[in-house]
Amino acid sequence: MSTARHSLRAAWAWLAEPTLMRRSAASVLVAFVVVWGVLLGYNFVNYKHAITREPGLMKYGDAVLESLVPITDPAHATTAVAATDHWTNVRRRQVGLLPGVQMHELLDAASGQRVFASPGLQNVVLPPATPRTEPFIEEAALQGRSFRIYTGRNARWVLRVFETKRTDSNFLQYNGRALLPYLLLASPFVLLAVWLSVRNGLQPLQQLAQRIAQRDKDDLQSVGFNARHRELKPLEQSLDHLFTQLRQKVERERAFVQDAAHEIRTPLAVITAQAHVMARSPIEEERMQAQAHLEQAIARTSHLAQQLLDLAALDDAQRPAPRDLDVAQWLRGALAQAVPDAMARQIELSLDAPDTLRARLDLPALESIAHNLIDNAVRYTPNGGNVAVALWREGTALHLSVQDDGPGIAATEQTHVFERFYRGLGHAANGSGLGLAIVRQAVLRMGGQVQIGVGLNGKGVGFFVSIPLPHKA
């Protein structure tokens, strides 16, 4: 029992799984339904046109009346019309195209006396024939049914032909059934052609999938499929672009890990050496110096670890929800954290910002930008220098600038300062080389831009950040 139930579940899962083949077959079936509807509508329009412009009843009545011209004897005329009535209705039943029966009435033109009437008309009170020279068709209701009535006359006879009026629903019902066999007969051949074309069309795609599946998990080189079909070329190009991005990302991460290990190894070596001095040296002064160097190395390692964590957080795909805050007030608090270091080195900090500036922002990213730019400016500005921070809003963008009058950055190095672990030459200050890399990553996460430019009074360096804001910020 359990085996049968498992088989049924597997069969249902197979049937329920979407496939391009099944999708194509369903599309063909829908197309058949559309074709059926179009053909039915086309026949209906032609039918309406035919009964309006080329009425078959008029032609039929004229032909019967013409055949009665040489007949003058009422008995002979009765026999001729009766035979015509019988043959017409037999043929009508065989064809099955028109509903009901067709009935005839023949009158003497001179006296108006009935000569012949179909069985269905013998006990029915008929309206008198309208005297007209030309044949005409009118509509009337007899015993609850609608009829189209042909009336024509010659010198001897008056002929009336009663035809059951065909309703639109009757026409559509009959023709709808008549078209179905043709469509059902054609559908297997069309579905087979579609199945073969889809199967052949998907074969190159399956080959591409097999090639990718057979690749080693660490192989991020180009697919190398050399697609010949125009439709597959964008897919191959997209895959190659994706593999290139992944390969570059892996290479960057590998280089990042190597650089991080190198950067951590240096302060660890200092810690080991200074700890050895503290443990073995009998001289108090040496132990005091070793302790100071040990504390510096620990602080440097702690700072490096925190910056590595900041970079990892900025690389994380899960971003925190934006927060509404007063950016101007928040920036004053951030700048206050740098005041002790600036005062110790007699660096003047200044802020040019409005009293309030409300915006909806990614706060962790903003913190990384402001803290690292201000920390870098204070770190590399010589004693007695100046650091100026400015904040303003222009249109739908928030602008932040940090400028100093320190030694600046050489033009040859400005293209590298945002790289991880890059430190410019000729600076006495120690750093991890991650601050500006963190700034760039945070700005990119917020969809903004960061540029390097001139500092204060033509000296130093300036960093200018532009962050787009929501329209309803």
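Colleague: Which residue in strand 10 does A388 stand opposite?
Modeller: The model is a predicted one. In it, strand 9 and strand 10 run antiparallel and are joined by eight bridges. The residue of strand 10 that stands opposite A388 is Q403.

Colleague: What is the strand order of the open sheet of five strands?
Modeller: The pairing in this sheet is mixed. Strand 7 (348–352) and strand 11 (449–454) each have a single partner strand, so they stand at the edges, and one side of each has no neighbour in the sheet. From one strand to the next the twist averages 15 degrees. The order is 7-9-10-12-11.

Colleague: What angle does the direction of helix 10 make with that of strand 10?
Modeller: Helix 10 packs on the sheet, where it touches strand 7, strand 9, strand 10 and strand 12. Its direction and that of strand 10 make an angle of about 15 degrees.

Colleague: At what angle to strand 11 does helix 11 run?
Modeller: Helix 11 lies across strand 11 and strand 12. Relative to strand 11, it runs at about 135 degrees.

Colleague: Which helix gives the most to the largest nonpolar core?
Modeller: This core has 41 residues, and L361 and I369 have the most contacts inside it. Elements that each supply at least two of its residues include helix 8 (327–337), strand 8 (358–361) and helix 11 (435–445). With nine residues, the one that gives the most is helix 10.

Colleague: How many residues are in the other core, the one with L68 and W157?
Modeller: That core lies apart from the largest one. Y150 and V81 are also among its residues. Its size is 14 residues.

Technical notes
Residues numbered from 1 in each chain as written. Predicted model: local features only at pLDDT ≥ 70, side-chain atom pairs only at ≥ 80, totals over all residues. Heavy atoms only, no water. Core = buried A, V, L, I, M, F, W, Y, C linked by side-chain atoms within 4.5 Å. Buried < 20%, exposed > 50% of the residue type's maximum accessible area, 1.4 Å probe, protein only. Helix = DSSP H or I, 4+ residues; strand = E, 2+ residues; numbered from the N terminus. Pairing = 2+ DSSP bridges. Axes fitted to C-alpha atoms, helices over the stretch in contact; angles between N-to-C directions. Contact = heavy atoms within 4.5 Å.
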